[in-house]
Amino acid sequence: MDFYNQFVINPEKFRIPQYSISPFSTEWVRKNYKILQSKQPIDNDLLRQYFGRFLCFETGRSALSYALSHYKLSENDEVCIMTTSQNRYISSCVTKEIEKFCQWSRQLSEKTKVILVNHEFGTAYKSMDKVLKLNLPIIEDLAMSLFSTDDNQQTGNYGDFTIYSLPKFFPLQWGGIVKINMPDYEKKSINFNPHLSTDLQRLLSFYLKEGENIKQRRKHHNALFQHYLSCLDFKSRFEYNDNETPSVYMCSTPPSVNLEGLKVFLQQNGVEASVFYGESAFFVPVHQNLNEEDILFIVSLIKYFCDDNK
């Protein structure tokens, strides 16, 4: 154990804090229970504002699987994944779901049957006009970008389906949404408990009312991280515009930083973190339920690691 900037570093294993990419923490078990017990009314207008015509699922992965099943893909077909950054990093949560149906690629080919547009980490894909000209089916992945849109305010409306992962933005342990943008689409039956769907809509009706506050707090926290880490020459990897809301604090680092070591160190001290593979960059939580002291703690861990590994 050590002390740094009045914070405990490397505490005993039963005293480790927990900072996740999701705003969920232990206290929300009780709070969500109370929301559901109070029979929070479902705000259908608010849900339609965000999700249009939609279906609820246990996870974002199962929502993606539902969307992919529409296309009757064969094992030799390909889903082409396009991302905002064009970085090679793709979450295995996405690729493993695709592999249940067919192959995936980062390049268009004669095998391409569907395009998956990944609006990464709170950014909106800027070249949807070019994607539309390909005349291929489109699925939009907004798992990490629920509160982000492009200048046309159309992100999430371009594809046949749009996928959302709700714990990325709300203090929930579960929940995925597939938005259906095809007016003549006939919904298929799904193996999902209707009572859970109702519960999820109740919780969303409660949390979406805080949408504007969530956006502003995440943007503020992103700026705080950048301010406190600028002395290490860490720089924001993405420049967010007014229509975009960060889902993580993603920063580029000097090549000298041992990113794998930093990831392990942060995780050992209770902070969910990962490397943006293919670049000198990594990310940590930036969600709305953090306070400035929480950000100072995470920053102190990063500074401690960098000081200790010069």
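Two strands count as paired if DSSP finds at least two bridges between them. Keep that in mind for the first stop of this tour, which runs through a predicted model.

**Stop 1: an open sheet**

Select strand S10 (235-236) and strand S11 (residues 249-252). S10 and S11 pair in the antiparallel sense, over 2 bridges. To see those contacts, put Ser-236 on display: Cys-251 in S11 stands opposite. Then add Lys-235, whose bridge partner in S11 is Ser-252.

Now widen the selection to bring in strand S12 (274-275) and strand S13 (281-284). Together, the 4 strands make an open sheet in the order S10-S11-S13-S12, with antiparallel pairing. Strands S10 and S12 are the edges, and each pairs on one side only. Between S11 and S13, which run antiparallel, you will find 4 bridges. Centre the view on Met-250 to find Phe-283 of S13 standing opposite.

**Stop 2: the helices on that sheet**

Which strands does helix H7 touch? Select residues 211-229 and look for the contacts: H7 packs on the sheet and touches S10, S11 and S13. The direction of H7 makes about 30° with that of S11. Next, select helix H8, residues 259-268, which lies across S12 and S13. H8 runs at about 10° to S13.

**Stop 3: strand S3 and its partner**

Move on to strand S3, residues 53-57. Is this strand mostly covered or mostly open? It is mostly covered, as 4 of its 5 residues are buried. S3 pairs with S9 in the antiparallel sense over 5 bridges. For one of the contacts, pick Phe-54, whose bridge partner in S9 is Lys-179.

**Stop 4: aromatic rings**

Keep Phe-54 on screen, as this residue also belongs to a cluster linked by ring pairs. Its other members are Trp-28, Tyr-50, Phe-51, Phe-147, Tyr-164, Phe-169, Phe-170, Phe-206 and Tyr-207. While you have Trp-28 in view, add Lys-31: its charged end sits over the ring of Trp-28, 4.3 Å from the centre. There is a similar arrangement to look at elsewhere, where the charged end of Arg-237 sits over the ring of Phe-238, 4.9 Å from its centre.

Across the whole structure, a search finds 28 aromatic pairs. For one of them, select Phe-161 and Tyr-185. Their ring centres are 5.5 Å apart and the planes stand at 90°, so this pair is edge-to-face. The two residues are 24 apart in the chain and link distant parts of it. Phe-161 is in strand S8 (residues 161-165), while Tyr-185 is in the loop between strand S9 (176-180) and helix H6 (194-207). Both Phe-161 and Tyr-185 are buried.

**Stop 5: the cysteines**

How many disulfides does a search of the whole structure find? The count is 0. Select Cys-102 to look at one case: this residue is in no disulfide, and the nearest cysteine sulfur, in Cys-80, is 11 Å away. Cys-102 counts as buried because its relative accessibility is 5%.

Finish with Cys-231. Why does its sulfur form no bond with the closest cysteine sulfur? That sulfur belongs to Cys-306 and lies 9.1 Å away, which is too far for a bond, since a disulfide needs the two sulfur atoms within 2.5 Å. Turn on the surface here as well: Cys-231 is exposed, with a relative accessible area of 58%.

Terms used
Residues are numbered from 1 along each chain as its sequence is written. This is a predicted model: local features need pLDDT of at least 70, side-chain atom pairs count only at pLDDT 80 or more; totals for chains, interfaces and linings use all residues. Side-chain values use heavy atoms; hydrogens and water are left out. Buried means under 20% relative accessible area, exposed over 50%, partly exposed in between (1.4 Å probe, protein chains only). Rings of Phe, Tyr and Trp (its six-membered ring) pair if their centres lie within 6.5 Å; planes under 30 degrees apart count as stacked, over 60 as edge-to-face and the rest as tilted. A charge sits over a ring if NZ of Lys or CZ of Arg is within 6 Å of the ring centre and within 35 degrees of the ring normal. Contact means heavy atoms within 4.5 Å. Axes are lines fitted to C-alpha atoms, for helices over the stretch in contact, and angles run from 0 to 180 degrees between N-to-C directions.
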